[in-house]
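Okay, everyone, thanks for coming. I'd like to spend a few minutes on pockets and what lines them, so let's get the picture up on the screen.

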Amino acid sequence: MSTVLNPPPTVRSFRSPTSRSPRVSMLLRSTTLSTAAALPILTKLQHDCATPLPLLRNIADNMAADMRAGLAVDGGSDLKMILSYVDCLPTGHERGLFYALDLGGTNFRVLRTQLGGRDERVIDTEFEQVSIPQDLMSGTSDELFDFIASALAKFVKKEGGKFVLPNGRSRETGFTFSFPVKQTSIDSGILIKWTKGFSVSGTPGKDIVACLNEAMGRQGLDMRVSALVNDTVATLAGARYWDDDVMVAVILGTGTNACYVESVEAIPKLPGHKSNSGKTIINTEWGAFSNGLPLTEYDRAMDAESINPGEQLYEKTISGMYLGEIVRRVLVRMAETGSLFGKHIPEKLQTPFALGTPNISSMQQDTSEDLEAVGSILYEATGVDSNLDARKMVVEVCDTIAKRGGRLAGAGIVGILQKMEEDSKGVVFGKRMVVAMDGGLYEHYPQYKRYLKNAVAELLGPELSSHVVIEHSKDGSGIGAALLAATNSIYEH
Ligand code: BGC
């Protein structure tokens with residue numbers, strides 16, 4: 001394995017722009033002319049993306065402060081701190097047939113599950129995944145919802161086997177809708193804005209459940225939406241079904257977000273909200289966080305050219321939709337200023353989003369001497385020819401962006417825990433506490449995951465971090481939405 005591929009030692013203090021990490025010095029000793037010209041760009045990038053402990057502490061503190069400000073009044077901070085109306089989490093006693101729809105990224109999922117109560121738990125589950133055609137992501141609301149309802153209708157037709165709907169009942173579904181929604185009840189909510197590249201006309205400002213109900217009506221489908229939930233909330237419910245200590249859920253996929261269990265009395269902006277448990281789940285919409293982020297010129301340019309400039313800055317720094325694009329922008333600069341890939345700059349390299357986050361993750365997994373996989377991924381995705389030195393440089397860029405993202409995500413998690421701990425006065429950190437994680441970025445980018453976990457451990461220290469379990473809850477959001485449909489069913493169970 002080349003030295004360049006090893007994860008760098010954790011940076012504990014601010015680095016000056018001119019000081020070089022040991023890995024960069026190594027690179028310098030063995031570079032060809034073309035990579036030497038690109039080195040100052042890498043050095044500056046590493047400086048601008050540095051996330052030493054004091055910076056992470058500041059991020060965690062700002063996250064906690066923004067959470068409080070968002071709970072105090074609507075619009076009080078970047079964080080919307082949305083009330084989910086989920087006051088009761090699944091207990092394991094749920095029984096019956098329930099559906100879930102999951103719309104949140106490039107794929108749409110339909111799922112059904114047969115629940116058998118405490119003893120039998122999940123008797124059976126089936127799901128289908130459909131990718132959303134690109135044109136529907138920027139089409140009209142009716143087109144998108146008709147597509148969803150028709151996929152659902154086809155799926156319902158295949159119901160049979162262990163899935164049984166008692167006579168006289170309507171089917172019930174949970175609807176996981178992973179965009180910022182102002183909930184008005186457990187089964188209604190208004191779309192605030194689209195994120196993650198969606199820009200469907202006619203939906204913002206509308207009740208999402210009404211849009212779906214109308215489309216289901218057009219398909220002749222008799223199905224009741226019992227719970228409208230964010231994917232973080234569904235993940236928390238899905239994970240809690242198996243583990244009572246789950247208090248926080250985080251999604252790190254195309255987009256990012258977190259939710260957590262909050263005491264009703266700690267929400268000043270909602271006097272009079274009734275909850276039998278005294279608790280409720282707050283959807284933070286942390287993707288909009290921005291306070292204290294170490295941003296580079298590449299982030300700023302990407303943001304300025306995005307469909308939502310100035311918005312979702314944390315999401316644009318740490319989530320899967322953007323990491324590959326930031327790397328691509330750095331490589332374009334290295335190609336233009338440092339001739340990293342020779343004189344010719346292929347058009348593909350200059351195409352926004354040509355390099356995906358799965359590409360940069362795969363490149364970081366290449367442990368071969370000549371970084372052959374890096375070379376072919378680069379060629380296929382961006383059209384560039386690369387020599388070994390250029391490939392090493394590219395891996396360094398990927399690592400720098402993944403490291404910043406993972407560490408900032410870890411600091412955000414600590415911010416949430418800190419806020420919960422301050423209010424509960426010692427209860428949160430005094431016992432086992434589980435953070436349920438899901439999303440393709442977290443699942444498929446090992447270096448990113450490691451950076452995240454290291455940042456949490458560094459910030460909390462060995463004693464406190466020994467209580468905090470950061471656990472992957474794979475696809476918890478599908479089953480979680482079905483469980484919340486059960487918890488909020490109109491029928492007794
Ligand atoms: C959305 C959130 C969602 C997150 C993860 C963000 O872009 O605003 O509602 O939870 O992506 O899917």
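So, the largest pocket holds about 1100 Å³ of space. It has 44 lining residues, and those closest to its centre are Gly-105, Gly-253, Thr-254, Gly-439 and Gly-440. Keep in mind that this is a predicted model.

Which helices and strands build that lining? On the strand side, E2 (95-103), E3 (107-116), E4 (122-131) and E10 (256-263) each put in at least two residues. On the helix side, H10 (320-338), H11 (357-364) and H14 (440-444) each do the same, again with at least two. Helix H14 is the top contributor to the largest pocket, at 4 residues. As for chemistry, the lining of the largest pocket splits into 23 polar, 11 nonpolar and 10 charged residues.

Now, where does the ligand go? Into the largest pocket. Around the ligand we count 14 residues, and Thr-195, Asn-230, Asp-231, Glu-285 and Glu-315 are the closest. By class, this shell has 7 polar, 4 charged and 3 nonpolar residues.

Let me zoom in on some polar contacts. The side chain of Asp-231 has an N or O atom 2.6 Å from a ligand oxygen. For the Asn-230 side chain, the distance from an N or O atom to a ligand oxygen is 2.8 Å. Asn-257 also takes part through its side chain, with an N or O atom 3.1 Å from an oxygen of the ligand. And how much of the ligand gets covered? On its own the ligand exposes 310 Å², and the protein buries 98% of that.

Okay, on to the other pocket. The second largest pocket comes in at about 410 Å³. Lining it are 23 residues, with Met-247, Val-261, Glu-262, Ser-263 and Lys-279 the closest to its centre. Strand E10 turns up again here: E10, strand E11 (279-283) and helix H13 (388-424) each supply at least two residues to this second lining. So what's the class breakdown for the second largest pocket? We get 11 nonpolar, 7 charged and 5 polar residues in its lining.

One thing to take away: E10 gives at least two residues to the lining of the largest pocket, and at least two to that of the second largest as well. Okay, over to you for questions.

How values were computed
Residues are numbered from 1 along each chain as its sequence is written. This is a predicted model: local features need pLDDT of at least 70, side-chain atom pairs count only at pLDDT 80 or more; totals for chains, interfaces and linings use all residues. Side-chain values use heavy atoms; hydrogens and water are left out. A residue is near a molecule or strand if one of its heavy atoms lies within 4 Å of it. A polar contact is a pair of N or O atoms within 3.5 Å; within protein, one must be able to donate a hydrogen and the other to accept it, and residues adjacent in sequence count only if both atoms are side-chain atoms. Accessible areas come from the Shrake-Rupley method with a 1.4 Å probe; for residues, only the protein chains shown count as cover. On a 1 Å grid over the protein atoms alone, a cavity is a set of points where a 1.4 Å probe fits but cannot get out, and a pocket is an open set with protein on both sides within 12 Å along at least five of seven lines; lining residues have an atom within 4 Å of a point. A molecule sits in a cavity or pocket if more than half of its atoms lie within 2 Å of its grid points. Ala, Val, Leu, Ile, Met, Phe, Trp, Tyr, Cys and Pro count as nonpolar, Asp, Glu, Lys and Arg as charged, and the others, Gly among them, as polar. Grid points are joined across faces, edges and corners, and a volume is the space filled by probe spheres set on the points.
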